[in-house]
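Student: I have a structure to look at and some terms to sort out. Can we go through them one by one?

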Amino acid sequence: MNETSHQMYERLLSLPLFLGMSQDDLHEVAAHTPLAFSTYDGGTTIVPMDAPCKGLIFLIQGEAESHIESDDRQWSLDEQVMAPYIHQPEHLFGWHQRYTRSLRAKGTCHVLRIKKGDIDHLVRQFQTIRFNLLNILCIRTQRHSRQAWRIRPESIEGKLGRWLEELSDHPSGAKTLHIKQVCLARLLGESRLNLSRCLHAMAKEGKLEMIRGGLRF
C-alpha cells in the first residue's frame with residue numbers, strides 16, 4: 001500500500017461501516033479485502049446516474065455533489081456532500097440495483113470502493129460491520145418511510161421546505177434546485193404569482209437565493 005493509500009486507509013476509522021472496529025480487525029480488513037482507492041479531480045464524475053450498483057462507494061476526503069433528475073426532465077436537484085459519505089448504499093440490494101443519483105467531485109476527492117462480493121464476505125466475517133450496515137440501511141429506510149405520515153404544511157414556504165426535504169438524500173449541505181417557477185408552482189399546488197411572492201420574501205430573509213432557472217438553499 002503506497003503512502004497516499006495508507007493515508008486514505010487511516011480514514012476508514014471515520015466511515016460509518018467501520019465504526020467500533022478494533023485496530024486489529026481493521027488491519028485484518030485491509031490485509032484480506034481488495035480496497036480500491038481512487039482520486040478524482042474537480043468536475044469529474046465519480047459515478048453516473050443509472051449506473052449499476054456493484055459495491056459501496058465511500059467519499060473519504062473532499063467535497064462532492066450528488067445530482068438527481070425527475071423522470072420528465074423538468075427539474076433536477078444538486079446536493080453538496082462532504083466526507084465521510086457513503087453513496088446510496090440502499091441500492092446494493094433489492095429490486096433496483098442502480099444508482100438514481102450521480103456523484104461528481106467538486107474539488108479533489110479521495111474515494112474508496114468495495115465490491116459487493118467483498119462486502120458480503122466482510123458482513124459474514126465481522127459482526128460489527130454487519131450491524132453497521134444494517135444500521136445504515138435502517139436509518140435511511142426509516143427516514144423516508146415516516147414522511148408520508150407527517151402533517152402536511154399549509155403555507156407555501158412550508159410546502160416548499162417539506163418537498164425539498166423529501167427529495168433530498170442528505171439532510172445537510174447546500175442544495176441547488178433547477179426548476180422553472182411555473183413547474184414548481186404546479187408541483188406545490190399553488191399559483192405562480194403566490195409562489196413568486198413567497199420566494200422573493202424568503203430571498204429577502206436570506207432563506208434562499210434566486211438564481212437563473214432555479215433556487216439555491
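Student: Why is Gln 88 called buried?

Tutor: This is a predicted model, so keep that in mind throughout. Buried means under 20% relative accessible area. Gln 88 has 2% relative accessibility, so Gln 88 counts as buried.

Student: What is the phi of Gln 88, and where does Gln 88 lie?

Tutor: Gln 88 has a positive phi of about 45° and is not a glycine. Most residues other than glycine have a negative phi. Gln 88 is placed in the loop between S6 and strand S7 (102-105).

Student: Asp 50 has a positive phi as well, of about 75°. Where is Asp 50?

Tutor: Asp 50 sits in the loop between strand S2 (45-47) and S3. Asp 50 is not a glycine either.

Student: Why is Asp 50 called partly exposed?

Tutor: Buried needs a value under 20%, exposed a value over 50%, and partly exposed is in between. Asp 50 has 44% relative accessibility, so Asp 50 counts as partly exposed.

Student: Which residues does Arg 140 contact, apart from its neighbours within four places in sequence?

Tutor: Arg 140 is in contact with Gln 88, Pro 89, Glu 90 and Asp 169. Arg 140 itself belongs to helix H4 (residues 127-145).

Student: What makes the pairing of Arg 140 with Glu 90 a polar contact?

Tutor: The cut-off for a pair of N or O atoms is within 3.5 Å, and one must be able to donate a hydrogen and the other to accept it. The side chains of Arg 140 and Glu 90 make such a contact at 2.7 Å.

Student: Arg 140 has a charged side chain by the counting rule. Is Arg 140 buried or exposed?

Tutor: Arg 140 has a relative accessible area of 10%. The limit for buried is under 20%, so Arg 140 is buried.

Student: How many aromatic pairs are there?

Tutor: The count is two. One of them joins Phe 18 and Phe 58.

Student: Why is the pair of Phe 18 and Phe 58 called tilted?

Tutor: Ring centres must lie within 6.5 Å to pair. Those of Phe 18 and Phe 58 are 6.4 Å apart, with 40° between the planes. Planes under 30 degrees apart are stacked, over 60 edge-to-face, and the rest tilted. So the pair is tilted.

Student: What does this pair tie together?

Tutor: Phe 18 lies in the loop between helix H1 (3-10) and helix H2 (23-32), and Phe 58 in strand S3 (residues 55-61). The pair therefore ties together parts 40 residues apart in sequence. Phe 18 is buried at 1% relative accessibility, and Phe 58 is buried at 0%.

Student: What makes the pair of Trp 75 and Trp 163 edge-to-face?

Tutor: The ring centres are 5.2 Å apart and the planes are at 65°. Over 60 degrees counts as edge-to-face, so this pair qualifies. Trp 75 is in the loop between strand S4 (63-69) and strand S5 (76-82), and Trp 163 is in helix H5 (residues 156-167). They are 88 residues apart, so the pair links distant parts of the chain.

Student: How do you know that Trp 75 is buried?

Tutor: Trp 75 has 14% relative accessibility. The limit is under 20%, so Trp 75 counts as buried. Trp 163 has a relative accessible area of 14% and is buried too.

Key. Residues are numbered from 1 along each chain as its sequence is written. This is a predicted model: local features need pLDDT of at least 70, side-chain atom pairs count only at pLDDT 80 or more; totals for chains, interfaces and linings use all residues. Side-chain values use heavy atoms; hydrogens and water are left out. Helices (H or I, at least four residues) and strands (E, at least two) are DSSP runs, numbered from the N terminus. Buried means under 20% relative accessible area, exposed over 50%, partly exposed in between (1.4 Å probe, protein chains only). Contact means heavy atoms within 4.5 Å. Rings of Phe, Tyr and Trp (its six-membered ring) pair if their centres lie within 6.5 Å; planes under 30 degrees apart count as stacked, over 60 as edge-to-face and the rest as tilted.
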